[in-house]
Every structure is written in C-alpha cells, then in structure tokens.
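Take a first look at the model shown here. Keep the viewer open while you read.

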Amino acid sequence: MRGTRKYQHVIETPDPGKWELAGYEESLPISEKSNPITRELDKSDPSQLVQLLRDCDAEIFQEEDANLIHYHRLYSESVLQTMGDIAKRVQEVLKDPEGGLVVLSGCGTSGRLALLLANSFNLLLKGQHRAPRYCYIMSGGDRSIVSAQESPEDDPHVGAQELEKVCEGKKNVVFVGISCGLSAPFIAGQLDLCMRHLDVYLPVLVGCNPVSMARNDPIEGWHSSFRQVAERLQALHESHKGFILNPAVGPEAVSGSSRMKGGSATKILLETLLLVAHKADSNVPVTEKCLLEILRTYERAHKVTYSQSKKIAALMKQTATSLQKGHLYILGWGTLGLVGIMAAVECGPTFQADWRDVRGFVTGGYDSIENKEGDLSSLGPEFPISHEDFVRNVLPSVSETDAVLLIFTLDDELNQIEKLAALVKEKTSNIQCISHATAGQYLPNSLKKTIPSIIGMTWPILFLEYEGTFIQKFQRELSTKWILDTVTSGAYALRGKIFRNFMVDFKITNSKLFHRAASVLQRVTGQSQQRCTEVLLQSIYGEQTLSEQIRNRTIAGHVGAAASQDKVLPVAIVSLLRNCAVQEARSRVDSSASIRAAIESSLNVPGRKRGAEEGSGSEGRSR
Ligand SMILES: C[C@](O)(c1cnc(-c2ccc(S(=O)(=O)c3ccc(N)nc3)s2)c(Cl)c1)C(F)(F)F
Ligand SMILES: O=P(O)(O)OC[C@@H](O)[C@@H](O)[C@H](O)[C@@H](O)CO
C-alpha cells in the first residue's frame, strides 16, 4: 500500500513458525513485549491469574543475569549509582535558599503517579515545617486524574509549554520526565526544552526500556523522535548534566500495559531516591547501602501482599461477576483512595470500560488529593470523587449486582468506616475490604462482623525514624496498587477482554495505541504488516475501499477518526482471520459472547493461512 512507509515502526511479520526463532520478540521494546509467563493468561482461572500476575510483578526485583541478554535491572550497580547521583542533585535543590524546584511529569498512569509522588514529598517537607518544593505535570491537565485523556500525550509542544509555565522565574530545577516505554512525545518535548536550558534544568528521564529501544518513529510536527532525544540526554550522563534512570523490569503481564509493572517500578525508583535525598538533607550521606535498605522494603511488600493470594483471587472472581451486569465501587481512605481512583480510571483506556463500570472515591475528595486545579466535580458526572458524593449520587442506586471495596488502614477513622460499611450493606452484600495494619494493631470485631471478607495486610514496624512512616505509607500504597492491578486485569481477562496476553479491545486514542493495534493484528493473524495496516484503516473508516485521501492521512488523522469508534481492533482481527469485509466482521463481533470468543471462533475458519503463533484454538476454553 502506497504511503505505508510511515508505518515502518516495527519489523515485518515473520514467516509462519518463525515468530520466536526470528528474534521478533527480542527486537521489540521490553515494555511492549509479550511476557512468556502470561502466554495463556486468557485461559487461566482466578487463582492461576493471581499467581501469573504475582510472578510478573516479582520480575521487577530480579537481579541482572550476566549470561542472558542483560539489560541493567533495579539492583544493578549502574542503576544504584544513577539513583545516588540524582538524589544528591535533589538534595542541592532542597537546600537552595533561592527556592529550587523538583518537577515530576508524565502521561496517563505516569502523570497520576507524578501527582501522588509530589504530594508525598511535599507532605514530608511539611512535617519538617518546610515549604513545598515538588510539583507535578500531567498531560491533559488535572482532569486526567479522574478521566483518562490519552491523546494529549502525543503533543511535545504542549509538554514544553506546561513545563515553562510551572518553572517561570525558577533558576534551579530538577525535571523528572516519566515515560515507562520511553515513548511519550509530551515528555520528549519537555526533555528537549531542559536540554536547551541546562543552566536552569537538570533533565532526568525515568522509564523501563533501554535507550536502544526508545520509541523511534517520527513525532509528527516535531524535529526529533523520542529515541533521538533520549540519545542526546544519554550523552549528558557522563558530565552529570542529565540522567536516565531506566532499569528493565520485564514485559508487562498484559502486553504494553505500562500502568502495571512500569507504574510500580516508577513508584519504587522515585520514592527510594527521593527518600534518600531527604535523609541526605538531614546530613545522612547518600549511600548505596541506604538505597538498598529501602529497595528491600518494597521487595518484602511483594511477599506480604501476595501472601493474601487466595483472598485476592476471591475478590477478582467477585469483581468479574459484578462487572457482568453491575459495577465495582472502590472507596479508599487517604492516599489509598487516590490509588483506587487510578486503578478505576485505567480500566477505560486498557479494557474500553465505561467510566461507570469501575469508579474510585476518596475521603475528602479533591481537598485530600491536593491537585493544582482544585475541585473538578462540576466538570461532569464522572468527576465527583468524595465519599459524600458516593453516598449521595451513587449509593441510592447500588444493588446486589454491584460490588463495593473499602480500602483503609487501622490508623483511619474506624467508626466512620463501619458506618459507611453499614450503609453499603443495606444495598448489597457484595462488600469487601483491603485493610492495612501495623504489627500489634487488630481489626475491631464489630468491623469484622460488618465486613465478612477482609484482605488484611500486617506490616512490620520499621525503625527508620521519620521517613519510616513514609516507607510504611509507600508500602501500603504499592501493595494496594498491586492488588487492584491484579484484580482489575484478572476480572477483565475472565470477561474475555484479553486474548492470550494481549489487550484486544482498546480505543485507539493516540499514536502509540495505533502502533499497538497494528502490532497485535500482526501477532494474532500472522498477516503482513501492510495487510494488517490496510484492514485496520478499513475498520477505522468502516470502508472496504480506502480513498487515496484516506491512505495519505497522517497517523494523527487516523487516531482522530478512530477515537469516535469502538471495537476497531476486534473488528479488524475478525476481518483478517475470516478474510471478510469489516461490515460482516463487525456484526460477528457484536453478536459474540465476548471479544475473545469472537477471535477464537474466527481462528478455526477452514482454509485459512495459519501462523505458528496461533494456537490451534481447539484447546481454548470458550468464554
Ligand atoms: C507484543 C506485540 O508483538 C507488540 C505489541 N505492541 C507493539 C508496539 C506498541 C506500540 C509501539 S510504538 O508506539 O511504536 C513504541 C512504543 C514504545 C517504544 N519504546 N517503541 C515503540 S510498538 C509491538 Cl512492537 C509489538 C503484540 F503481540 F502485541 F503485537
Ligand atoms: O509511561 P508511558 O510509557 O509514557 O505511558 C503513558 C501512558 O500511555 C500510559 O500510562 C497509559 O495511560 C496506560 O493506560 C498504560 O497502561
């Protein structure tokens, strides 16, 4: 197809049976690879799903394996060294009487984590009676906290403008751009700005791919690819004028879903180095031992969290049932409420969930998340996020088909929790909770009676002075994130939204998702990249014959057309597998029990060319 050159983002489709041999997977960015552990994610039952997701999360802490293709990992010497170097520069900003600034920026999940981290460390400073020194930027603005805005990530100009706005008049800024895939144009624009003003900015890139796998397709309307920006930054590393903190953590359990391991690794990396910067601030030198001590507490958190695997599987099963006809409401106390909101919001772009399907609420609403733009409740029906909003607007219509999950610690107002639990129980018996206790704290019997199923985590007391309380807070947040990522991803897998370990039903709302859709098509159908792109466009435009005008549109143009369509990828998969028109494919998808069922039934169509990648399909359980 003419003009397909612009789609040359990844290699051609290997010949049948050659996917593994051709090194196809090796050439893919780690953040986009399919994880062998979850190859049969879509055939797993709840307890198997928890084990698979647990093992994928454990890869975050895996040491560098010298005799394999090795990329540096979380505990690698080079990563620890870079964390220490950045911590020292943050410490200088904290000491700067002129008022230095640490800016954390990201898109999607990475932006929400920027907000969470900025709040955490401003709170730490407040506890020391010091002025706030952290601020965050998220693509799409604060509305992205509650309503996923995936397209703003494609604009490098807006990224740079937002950074200039936040840093007006500042002379000493550590800028931390978070892009797990080393791929967001919004972040590339910000890093480029920093590198043009190194007298003011220290640019730091945080992600989970080696620079050699940074995204390299052209950023439309801009002068560089993300990889070119990353390579310029890499050149500054030696002179400590810029840093790249990018340990490999292994592919995501659900291919490309960087909210999961990418988000968890981001939180671990930045909380560890910023905590050490603050300790150094009180004259404790930055040492590798200090970094390791804190990193090990996150590894322990993985153990404590997944010791509850049986109950996590039960919560996943209940969630999948509730999502058939009802909703899941997540009510969290303190920052665990923000973690709940993040998990709820991410179901939209990941599984094309409706905003009503999974919703998060937090005690105190916008006051407690201290976002820049204040109370957003008036922006739309999905924006009210306080417990009062839940009781007033949602609870009256809660029924037995809905599930409610409370998330709190034993330092929260237990009588308030009990009261809310009692109100919920009048509407549905499907109420569960995740509770976090410190060794020696116990749930009151009255609460245990009110809430039958409790996932109770008990955390060892940490004797790390002041920041010890922050490590407790960080562990509980990460533990809650792991459980929610596992429960939501598992529930949607059980509902047939995942095929093998690929998301197969996401809205194509930015250029990365366009490339992901094209890649999933290649992988599932074994057809050529050219053929896959052709059918993807037919599905986006709903036409079998594509005009020259359509063919020559930019990817941004195709994304614009796709944003208003649903099921574009499933329809393209069925059309390719059955070699039928997209209209016929759409009616088949619409009449199937699930997306996965529509794909499975198309795999066995007689006389079709098969790639080695495709299972015979017969062993698959139909869902
Ligand atoms: C794993 C898989 O092969 C696959 C999925 N997604 C992709 C991609 C998704 C998004 C891209 S991309 O936006 O071009 C990109 C994104 C990040 C990055 N570092 N480099 C490139 S490639 C690829 Cl290359 C393979 C499969 F099977 F899903 F198709
Ligand atoms: O951090 P990255 O790789 O730049 O990705 C930024 C966003 O695309 C990403 O967070 C997306 O919103 C999530 O749905 C991924 O699971």
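This report covers the domains, then the two ligands and their surroundings.

**Domains**

The model is predicted. The chain is divided into three parts. Domain 1 comes in two stretches, 18-60 and 297-499. Domain 2 runs over 77-246. Domain 3 covers 504-604. The centres of domain 2 and domain 3, taken over C-alpha atoms, lie 34 Å apart. Domain 2 and domain 3 also touch: eight residues of domain 2 and nine residues of domain 3 take part in the contact.

**Ligand 1**

Start with the surroundings of ligand 1. The residues around this ligand number 20. Tyr24, Gly181, Met213, Ser519 and Arg523 are the closest. Two of the polar contacts listed below involve nitrogen atoms of ligand 1: one reaches the backbone of Met213, and one reaches the backbone of Arg215. With Arg523, the side chain meets an oxygen atom of ligand 1. Ligand 1 on its own exposes 590 Å². The protein buries 98% of that area.

**Ligand 2**

Now turn to ligand 2. Its shell holds 14 residues. Ser110, Glu153, Ser179, Cys180 and Gly181 are the closest. By class, the shell has three nonpolar, seven polar and four charged residues.

Oxygen atoms of ligand 2 pair with protein atoms of two kinds. Glu150 offers a polar side-chain atom. Gly181 uses a polar backbone atom, and Ser258 also uses a backbone N or O atom. Taken alone, ligand 2 exposes 410 Å², and the protein buries 96% of that.

Which cavity is the largest? The largest cavity is the space taken by ligand 2.

**Polar contacts side by side**

The table sets out the distances for both ligands.

| Residue | Part of residue | Ligand atom | Distance |
|---|---|---|---|
| Met213 | backbone | nitrogen of ligand 1 | 2.8 Å |
| Arg215 | backbone | nitrogen of ligand 1 | 3.4 Å |
| Arg523 | side chain | oxygen of ligand 1 | 2.8 Å |
| Glu150 | side chain | oxygen of ligand 2 | 3.0 Å |
| Gly181 | backbone | oxygen of ligand 2 | 2.8 Å |
| Ser258 | backbone | oxygen of ligand 2 | 3.3 Å |

Gly181 is among the closest residues to ligand 1 and among the closest to ligand 2.

Key
Residues are numbered from 1 along each chain as its sequence is written. Chains are lettered from A and ligands numbered from 1 in the order in which they are written. This is a predicted model: local features need pLDDT of at least 70, side-chain atom pairs count only at pLDDT 80 or more; totals for chains, interfaces and linings use all residues. Side-chain values use heavy atoms; hydrogens and water are left out. A residue is near a molecule or strand if one of its heavy atoms lies within 4 Å of it. A polar contact is a pair of N or O atoms within 3.5 Å; within protein, one must be able to donate a hydrogen and the other to accept it, and residues adjacent in sequence count only if both atoms are side-chain atoms. Accessible areas come from the Shrake-Rupley method with a 1.4 Å probe; for residues, only the protein chains shown count as cover. On a 1 Å grid over the protein atoms alone, a cavity is a set of points where a 1.4 Å probe fits but cannot get out, and a pocket is an open set with protein on both sides within 12 Å along at least five of seven lines; lining residues have an atom within 4 Å of a point. A molecule sits in a cavity or pocket if more than half of its atoms lie within 2 Å of its grid points. Ala, Val, Leu, Ile, Met, Phe, Trp, Tyr, Cys and Pro count as nonpolar, Asp, Glu, Lys and Arg as charged, and the others, Gly among them, as polar. Domain bounds come from an automatic or database domain assignment. Contact means heavy atoms within 4.5 Å.
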